[in-house]
Amino acid sequence: TESRRLVLLASVSDGVVMGSAEPREALQEYLRSLGLETVTVDHPQVFTVEEMMPHVQHLDGAITKNLFLKDKKKKGLYLVSTRHDRQVNLNDLAKKLGVGSGNLRFADESVMVEKLKVGQGCATALALFCDKDQSIQSVLDSDLVTGGHKWVYFHPMTNAATMGLKPGDLLEFLKETGHEPILHNFE
């Protein structure tokens with residue numbers, strides 16, 4: 001599966017997949033190659049959780065919000081995925097990650113585009129399949145995998161859709177991409 005991911009990654013450049021395929025299609029192909037089941041809802045382009053909720057509130061499972069962060073001192077990168085209704089205290093999270101209170105900041109969009117091939121409004125754990133050098137640490141709300149949710153929903157490389165994976169499949173996806181997550185309780 002690593003060679004399959006690398007072939008798909010080789011086709012992803014500057015947020016656009018070479019040829020006729022789109023980044024979303026490359027992701028879907030990768031998920032299929034892993035044998036992971038997904039459900040997808042298309043909706044108008046959204047840039048905030050508040051804009052998204054009317055289009056996804058009927059879904060059975062956990063809707064996520066995702067934050068792309070950097071450690072201002074060590075330059076580490078983090079993709080934090082939580083339930084949409086959770087508050088994220090950056091100081092508390094920084095302490096948990098061992099980077100020191102006050103040291104987590106939002107990373108520049110240019111870095112997100114370079115590393116994840118998505119821009120503002122599209123941060124998603126599913127884009128970690130583009131992080132070929134595994135330079136981004138995945139941080140997951142523990143409730144996403146232990147909260148009894150049937151599905152966990154993310155943007156699939158576009159903010160004009162929402163894709164669900166089963167919690168166990170999400171963990172398998174992250175493991176296969178080399179992004180074993182840090183589980184954190186955001187309650």
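Lys117 lies in the loop between α5 and β7 (136-141). The model described here is predicted. In this model, Lys117 counts as buried, because its relative accessibility is 14%, and buried means under 20%. The side chain of Lys117 does find a polar partner. It reaches the backbone oxygen of Glu114 at 2.7 Å.

Charged side chains were examined next. Side chains of opposite charge can pair when their charged atoms come close. The count for the structure comes to seven salt bridges. Several of them meet around Asp143 and Arg83. Arg83 pairs with Asp143, and the closest N and O atoms are 3.2 Å apart. This salt bridge links distant parts of the chain. Arg83 belongs to strand β5 (residues 77-83), while Asp143 belongs to helix α6 (residues 143-146). In sequence, the two residues are 60 residues apart. Arg83 also forms a salt bridge with Asp85, with a closest N to O distance of 3.0 Å.

A further salt bridge joins the side chains of Arg86 and Asp143, at 3.9 Å from N to O. Here too, distant parts of the chain are linked. Arg86 sits in the loop between β5 and α4 (90-97), and Asp143 in helix α6, 57 residues apart. Salt bridges that share partners join Arg83, Asp85, Arg86, Asp141 and Asp143 into one network.

How buried or exposed are members of this network? Arg86 has a relative accessible area of 8%, so it is buried. Asp143 has a relative accessible area of 14%, so it is buried as well. Asp85 has a relative accessibility of 44% and therefore counts as partly exposed. The network thus includes buried residues, among them Arg86 and Asp143, and a partly exposed one, Asp85.

Asp42 gives another view of a charged residue. Asp42 is found in strand β3 (residues 38-42). Its relative accessibility is 54%, so Asp42 counts as exposed. Which residues does Asp42 contact, leaving aside its neighbours within four places in sequence? They are Arg24, Ala160 and Ala161. With Arg24, the contact is polar: the two side chains come to 2.7 Å. Ala160 is a partner from far along the chain. Asp42 and Ala160 are 118 residues apart in sequence, yet their C-alpha atoms are 6.0 Å apart in space.

The cysteines were also considered. A search of the whole structure finds zero disulfides. Cys122 is buried, because its relative accessible area is 10%. Cys130 has a relative accessibility of 4% and so counts as buried too.

Open space in the structure was then mapped. Rolling a probe the size of a water molecule over the atoms shows where empty space is left. The largest pocket has a volume of about 550 Å³. It is lined by 25 residues. Closest to the centre of the pocket are Phe47, Asn66, Leu67, Gly121 and Ala123. Four elements, α3 (49-56), β4 (62-71), α5 (109-116) and β8 (152-154), each give two or more residues to the lining. Of the elements, β4 gives the most, with five residues.

Methods:
Residues numbered from 1 in each chain as written. Predicted model: local features only at pLDDT ≥ 70, side-chain atom pairs only at ≥ 80, totals over all residues. Heavy atoms only, no water. Disulfide = S-S within 2.5 Å. Buried < 20%, exposed > 50% of the residue type's maximum accessible area, 1.4 Å probe, protein only. Contact = heavy atoms within 4.5 Å. Polar contact = N/O pair within 3.5 Å; in protein donor to acceptor, adjacent residues only side chain to side chain. Salt bridge = Lys/Arg side-chain N within 4 Å of Asp/Glu carboxyl O. 1 Å grid on protein atoms, 1.4 Å probe; cavity = no way out; pocket = protein on both sides within 12 Å on 5 of 7 lines; lining within 4 Å. Points joined across faces, edges and corners; volume = space filled by probe spheres on them.
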